[in-house]
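Hi,

Here is the structure I said I would pass on. Have a look at it first, and my notes on what turned up come underneath.

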Amino acid sequence: MGKIIAITNQKGGVGKTTTAINFASALGSCGKKVLIVDIDPQGNATSGLGVNKRNTAFSTYHLLMGASGVKDALIRTSYKNLDLLPSNIDLAGVEIELVEMDERAFRLKQALSPAKDGYDYIIIDCPPSLGLITVNALAAANSLLVPIQCEYYALEGLSQLMATVRQIKRLYNPEIEIEGVLLTMYDSRLNLTTQVVAEVKRHFTGKVYKTVIPRNVRLSEAPSYGQPIQYYEQSSKGAVSYNDLAKEFLKIQKKPAYSG
């Protein structure tokens, strides 16, 4: 049964979608069957995989509203072992529509349930907010991966995210845990980077990945070509870093659980 990982941080511009696309692609290259679920109304994960948002008959909006199933919305991408549930602008008003619905926090969990057996990993690309869409992602997920940029305001808002996660554990999903924290936009030449890394490691002891994602022009260019970085420029620092992240992640998954 596939593990569901929500990639989330309510702060924008931290590399959530970049991570969703390239981490998923790297896992696919490692032989894992992966599904990306785009639940951001901006639909950047969708266009970043070369899919035209305007031409999708069904999307994650229809999943959340119960108007379609996974099979209706599923898109097989041209990338190895990588499928997509697309998003488009229809999602923009879904939080208002969900308010009146029964089990509104569990709509995504219910929709994804039939697909779990078909994938090793299901990666959810969340919007930069802590609204009902993100609550649905956290209620459905086994764990969350938090990208944090190596900049001055890196930890701003994370206390709110952690408070939300604690509330989700209490009300909807007692099993959810932090999968890991990923440092993005890393620049070793800056003293500030060293300070931010130390602060993040202090807040998330034992949860910060050794792999860091550097600032990289190719990473910024790849989405405009609708390609994961591994296909756009496989020798770039960005591609190497996300490949390393996938390997580090899979190595951690193989470790036996502590039994006490």
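Before the strands, one convention: two strands pair if DSSP finds at least two bridges between them. Helices (H or I, at least four residues) and strands (E, at least two) are DSSP runs, numbered from the N terminus. Bear in mind that this is a predicted model, so to speak of a local feature I needed pLDDT of at least 70, side-chain atom pairs count only at pLDDT 80 or more, and totals for chains, interfaces and linings use all residues. Residues are numbered from 1 along each chain as its sequence is written, and side-chain values use heavy atoms, with hydrogens and water left out.

**The sheet**

Eight strands make up an open sheet with mixed pairing, in the order β3-β4-β2-β5-β1-β6-β7-β8. Its edge strands are β3 (75-76) and β8, each of which pairs on one side only. Further in, strand β1 (residues 3-7) and strand β5 (residues 121-125) run parallel and are joined by five bridges. A6 has I124 as its bridge partner in β5. Helix α8 (residues 158-171) packs on the sheet and touches β6 (143-149) and β7, where contact means heavy atoms within 4.5 Å. The direction of α8 makes about 175 degrees with that of β6; axes here are lines fitted to C-alpha atoms, for helices over the stretch in contact, and angles run from 0 to 180 degrees between N-to-C directions.

At the β8 end, strand β7 (residues 177-186) and β8 run parallel, with three bridges joining them. V181 stands opposite V208 in β8. Between these two strands the chain goes through helix α9 (residues 191-203), and this β-α-β crossover is right-handed. By right-handed I mean that, with the strands pointing away from the viewer, the path from the first strand over the helix to the second runs clockwise.

Edge strand or not, β8 (residues 208-214) is mostly covered, with five of its seven residues buried. Buried means under 20% relative accessible area, exposed over 50%, and partly exposed in between (1.4 Å probe, protein chains only).

**Helices and a few residues in them**

Helix α7 (residues 132-140) has nine of its nine residues buried, so it is largely enclosed by the rest of the structure. Among those buried residues are L132, N136 and A140.

N22, in helix α1 (residues 16-29), is buried at a relative accessible area of 4%. What does its side chain reach at 2.8 Å? The partner is the backbone nitrogen of I229. That is a polar contact: a pair of N or O atoms within 3.5 Å, where within protein one must be able to donate a hydrogen and the other to accept it, and residues adjacent in sequence count only if both atoms are side-chain atoms. Leaving aside neighbours within four places in sequence, N22 also has L219, P228, Q230 and Y242 among its contacts.

S241 sits in helix α12 (residues 237-254) and is buried too, with a relative accessible area of 11%. A polar atom of the S241 side chain lies 2.9 Å from the backbone oxygen of K237. Beyond its neighbours within four places in sequence, S241 is in contact with T211, V212, I213 and P214.

Y61 belongs to helix α3 (residues 60-65) and counts as buried at 16% relative accessibility. With the neighbours within four places in sequence set aside, Y61 is in contact with D90, L91, V94 and E97. The C-alpha atoms of Y61 and A137 are separated by 13 Å, and the two residues are 76 apart along the chain.

A198 is in helix α9 and is partly exposed, at 47% relative accessibility. Its C-alpha atom and that of E248 are separated by 20 Å, with the two positions 50 residues apart along the chain.

**Odds and ends**

Two residues that are not glycines have a positive phi: N81, at about 60 degrees, and M185, at about 55 degrees. N81 lies in the loop between β3 and β4 (82-85) and is partly exposed, with a relative accessible area of 26%, while M185 is part of strand β7.

How many disulfides does a search of the whole structure find? Zero, a disulfide being a pair of cysteine sulfur atoms within 2.5 Å. As for individual cysteines, C126 is buried at 0% relative accessibility, and C150 is buried at 5%.

Cheers
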